[in-house]
Amino acid sequence: MARFFVKHTLFLLLTLFVVSFLVFTLNEFSPGAVARKLLGAYATQEQVETLTKQMGLDRPLLVRYVEYLGTVASGDLGYSQRFKLPVKDVLFKHLAHTAVLAAVAFACIVPFSMLLGVTAGMREGSRLDRGILMFSTIVASIPEFALGVFLASVFVVWLGWLPGTATLLPGGGWSLPAQLVLPVAVIVLFDSGYVVSMVRASMVEVMQRPFIRTAVLKGLPFRSVILRHAVRNAMLTPITVIMLQINYLVAGVVVVETVFAYPGFGRMMLEAALFKDIALVEAGALVAVGLAVITNILGDVAYVLLDPRIRA
Amino acid sequence: MSAPATAEVLSASPPATRVRPHARWRRQVDALLESTPAAVGLAIVLAWVALAILAPVIAPYPPNANDLGALARPTPSRAHWLGTDQLGRDLLSRILWGARPVLVIAPLAVLGAAALGSLLGLAAGYHGRWIGVVITRACDIVLSFPVIILYMIILAHFGSSAWNIIGVLTLTKAPIIARIVRGMTLDLREREYVAAAKMRGESALYIMLVEILPNARGPLLVDMCLRTGYNIVIIGVLGFLGIGLPPPDPDWGGMVKDTYGMMTVWPHMSLFPCAAISSLVIGFNLLAVGLREIGLRD
C-alpha cells in the first residue's frame with residue numbers, strides 16, 4: 001500500500017511539472033502579447049517593450065519558469081490581469097461555485113446510473129435492457145449545449161417553470177435551487193449515459209458467473225440474488241469509471257456553465273484563455289490536472305478497498 | 001514478396017479465388033444491416049453525408065446571404081422552411097452547408113489519431129521495456145488532463161482554424177487509441193505467426209504493421225466510429241464556446257452560440273442546429289453500438 005502511494009504521488013508530481021512547463025512554454029511563443037493586451041491596440045511599440053521589460057518578460061524562459069515555481073511554492077499564484085484581482089481569490093471563488101454544481105450533479109449521477117445500469121444488466125437482452133441501452137446511447141450522444149438548449153426550450157420557454165440562467169445572483173426572483181435544476185439535469189443526463197453502459201456491462205458479466213447460478217439454484221429470491229450477490233460484485237469496474245468520470249464532469253461543466261451563465265471555474269478558464277491571462281490560465285490548469293490525477297488515484301484506492309483479492 | 005510478383009499472381013489467379021473477399025464483404029454488410037441500431041445509424045450517417053455533398057445543389061440560398069426582409073419575421077415560412085437567423089440568413093441552407101466542415105474535420109482527426117495512436121501503441125506494446133514505459137506515461141499525462149481546458153488554452157493561443165482543430169483532436173485522441181492498441185499488441189505478440197515472422201527475419205516495423213495491426217482492427221474500428229461521434233461533439237462544443245471554426249461560414253456550434261441568448265424569443269434559431277448535430281452524433285454512436293454487437297457475435 002505504501003509503495004502504491006509513493007508511486008502515484010510521484011506520477012502526480014511528474015504530471016504537474018510537465019503540464020505547468022508546457023502551459024508556461026506555450027505562453028512564451030508571443031512574449032510581447034501580454035503587454036500589448038494590457039496597453040491596447042493604440043500603444044506604440046516602445047511602450048509595449050518598456051512594459052515587457054518592467055514585467056520581466058524579456059528574460060530567458062527557464063529562468064522565469066524556475067522563478068514561477070518558486071513563487072507558486074511559496075503560495076503566491078500571481079495576479080490576474082483579466083479580473084484585476086489576485087489569482088488566488090478569483091480561482092477559489094470560481095472553484096467553489098463549480099464544486100457546488102459538480103457535487104450536486106455527482107450525487108445525482110451515481111444513484112441514477114446505478115439504478116438504470118443494474119436494471120438493464122440483470123436480464124441481458126430483455127426489452128427493458130435494450131430500452132435502457134438505447135436511451136443511454138442517445139442521451140450520451142447529444143452535445144451538452146444541445147441538451148441545454150432542448151431542456152431550456154421546454155422548461156424555460158414553453159412551460160416557464162425554471163430560469164434560463166444560473167448566475168447565482170439573488171435578482172430575477174428565482175431561488176438558488178431552482179437556478180441549479182437545469183445545469184445539473186444537463187450534466188446528469190450527459191454523463192450518466194456512459195456510466196449506465198459501464199454498470200450494465202459489468203452487471204451482465206457478473207450475472208453469468210457460477211456463484212449467481214448457485215445462488216439462484218439454492219432457492220434465493222431473485223431480489224436478494226441481485227442485491228446481495230450481483231450488485232456488490234458488479235460495482236468493481238464502475239467505481240473506477242465513476243471516479244474517472246470526474247474528469248469528464250469538468251469538461252461538461254465548462255460547457256454547461258457557459259450555457260447557463262454560471263460563474264464557475266470552466267467559464268473563468270475560457271475567459272482567461274481568450275484574454276491570455278497567463279497567471280490565471282497556469283494556476284487553473286495546475287488545479288485542473290491536480291484534481292484529475294487525484295481522482296484517478298482515489299479510483300484506484302476504491303478499487304483496491306472493494307476487492308480484497310487485490311489487497312493481498 | 002516483390003511488386004511484379006504480386007501483380008503476376010493477381011492476374012494469373014482464377015476468378016473463383018477472387019470472389020471470396022468480395023463475398024466476405026457482402027456477408028459483413030448483411031450482418032450490419034441485420035442489427036437494427038447499426039442499420040439506423042448507417043442510414044442517418046449516409047443521409048448526412050449525402051446532404052453535405054449535395055449542399056451546393058439543394059440548399060435554397062447561399063449560406064451567408066442575408067434576407068433583410070425576413071428579419072421582421074424570422075420564423076419558419078414558405079420562403080425559409082426552417083426560418084432565418086438573427087442576420088436574416090436562411091437556416092436550412094446554413095445547416096446543410098454546416099454539415100460539410102464537420103464531416104471532413106471529424107473523420108480526418110480520427111484518422112490522424114488512429115495513425116499516430118496505432119504507431120505509439122504498437123511501439124509501446126511490441127518493444128516493452130523503457131520505450132513502452134515512456135510512451136505509456138506520456139499518454140497517461142495527456143489522458144489525465146481535462147482536454148477541454150487544453151483545447152481552450154491551445155486554440156485561444158494559436159487561433160482557431162480547421163487545421164488547428166484537427167491537430168488538437170489528433171494529439172488528444174491518439175493516447176486513447178495507443179492504449180487500446182498497446183493492450184492488443186501485448187496479447188498478439190506472443191502468437192505463433194509473430195514468432196514465425198521473426199524467424200523469417202522480418203523487421204520489427206513489418207511485424208508491427210503487417211502481422212499485428214490487421215488483427216487488432218475489430219475493436220479499433222468500433223472505437224474509430226465512437227471517436228468520430230465524440231469529435232463531432234467537440235467541434236460543436238468548440239464552436240459554441242467561441243473557439244471553433246471562424247465565422248461567417250456556417251458552423252453548427254457557432255450558430256447555437258450566436259442565437260441561444262434569444263431562446264425566449266426565437267427558439268428555432270438554436271433548436272434546429274442543435275437537432276442537426278445531435279442527430280449526426282446519434283447516427284455514429286448507433287453505428288458503433290451495432291458494430292460492437294456484430295463483433296461480439298463472430
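In this predicted model, the contact between the two chains draws 36 residues from chain A and 32 residues from chain B. On the side of chain B that touches chain A, the elements giving two or more residues are α5 (129-144), α6 (147-158), α10 (217-241) and α12 (268-297) of chain B. Of these, α12(B) gives the most, with 10 residues. By class, this side of chain B comprises 24 nonpolar and eight polar residues, and no charged ones.

Turning to chain A, its secondary structure amounts to 14 helices and two strands. Of the 312 residues in chain A, 37% are buried. Among the contacts of chain A with a separation of 6 or more, 73% join residues that lie 24 or more positions apart.

The nonpolar interior can be considered next. The largest nonpolar core has 156 residues, and those with the most contacts inside it are M269(A), M152(B) and I153(B). Helix α4 of chain B (residues 91-127) supplies the largest share of this core, 17 residues. Leaving aside residues up to four places away in sequence, I153(B) touches five residues of the other chain, namely V23(A), L26(A), A273(A), V281(A) and A285(A).

One of these partners, A285(A), merits a closer look. A285(A) sits in helix α13 of chain A, which spans residues 278-306. Because 26 C-beta neighbours fall inside 10 Å, and 20 or more suffice, A285(A) counts as buried. Contacts of A285(A), again not counting residues up to four places away in sequence, are with V19(A), V23(A), I149(B) and I153(B). A long step in sequence is also bridged here: A285(A) and S20(A) are 265 residues apart along the chain, yet their C-alpha atoms are separated by 7.5 Å.

Another partner of I153(B), A273(A), is one of the buried residues of α12(A). Helix α12 of chain A covers residues 265-275, and eight of its 11 residues are buried, so this helix is largely enclosed by the rest of the structure. The buried set consists of F265(A), G266(A), R267(A), M268(A), M269(A), L270(A), A272(A) and A273(A). M269(A) thus appears both in this set and among the residues with the most contacts inside the largest nonpolar core. Just after α12(A), the backbone at K276(A) adopts a positive phi of about 55 degrees.

Two helix pairs, one in each chain, round out the description. In chain A, the axes of helix α9 (residues 210-217) and helix α10 (residues 222-234) come within 10 Å and cross at roughly 155 degrees. This angle is over 145 degrees, which means that α9(A) is roughly antiparallel to α10(A). The crossing of α9(A) past α10(A) is right-handed. From α9(A), residues F211(A), I212(A), A215(A) and V216(A) meet V225(A), H229(A) and A230(A) of α10(A). The residues of this contact divide into six nonpolar and one polar, with no charged residue.

In chain B, the corresponding description concerns helix α8 (residues 192-200) and helix α9 (residues 204-212), whose axes come within 11 Å and cross at roughly 145 degrees. The crossing of α8(B) and α9(B) is right-handed. Here Y193(B), V194(B), A197(B) and K198(B) of α8(B) meet I207(B), E211(B) and I212(B) of α9(B). Five nonpolar and two charged residues form the contact of α8(B) with α9(B), and no polar ones.

Key:
Residues are numbered from 1 along each chain as its sequence is written. Chains are lettered from A and ligands numbered from 1 in the order in which they are written. This is a predicted model: local features need pLDDT of at least 70, side-chain atom pairs count only at pLDDT 80 or more; totals for chains, interfaces and linings use all residues. Helices (H or I, at least four residues) and strands (E, at least two) are DSSP runs, numbered from the N terminus. A residue is buried if 20 or more other C-beta atoms lie within 10 Å of its own, exposed if 12 or fewer, and partly exposed in between; C-beta atoms are placed from the backbone. Two residues are in contact if their C-beta atoms, placed from the backbone, lie within 7 Å. A nonpolar core is a set of buried Ala, Val, Leu, Ile, Met, Phe, Trp, Tyr and Cys residues joined through C-beta atoms within 7 Å. Axes are lines fitted to C-alpha atoms, for helices over the stretch in contact, and angles run from 0 to 180 degrees between N-to-C directions. Angles under 35 degrees count as roughly parallel, over 145 as roughly antiparallel, 65 to 115 as roughly perpendicular and the rest as oblique. A crossing is left-handed if the near helix is turned anticlockwise from the far one by less than a right angle, and right-handed if clockwise. Ala, Val, Leu, Ile, Met, Phe, Trp, Tyr, Cys and Pro count as nonpolar, Asp, Glu, Lys and Arg as charged, and the others, Gly among them, as polar.
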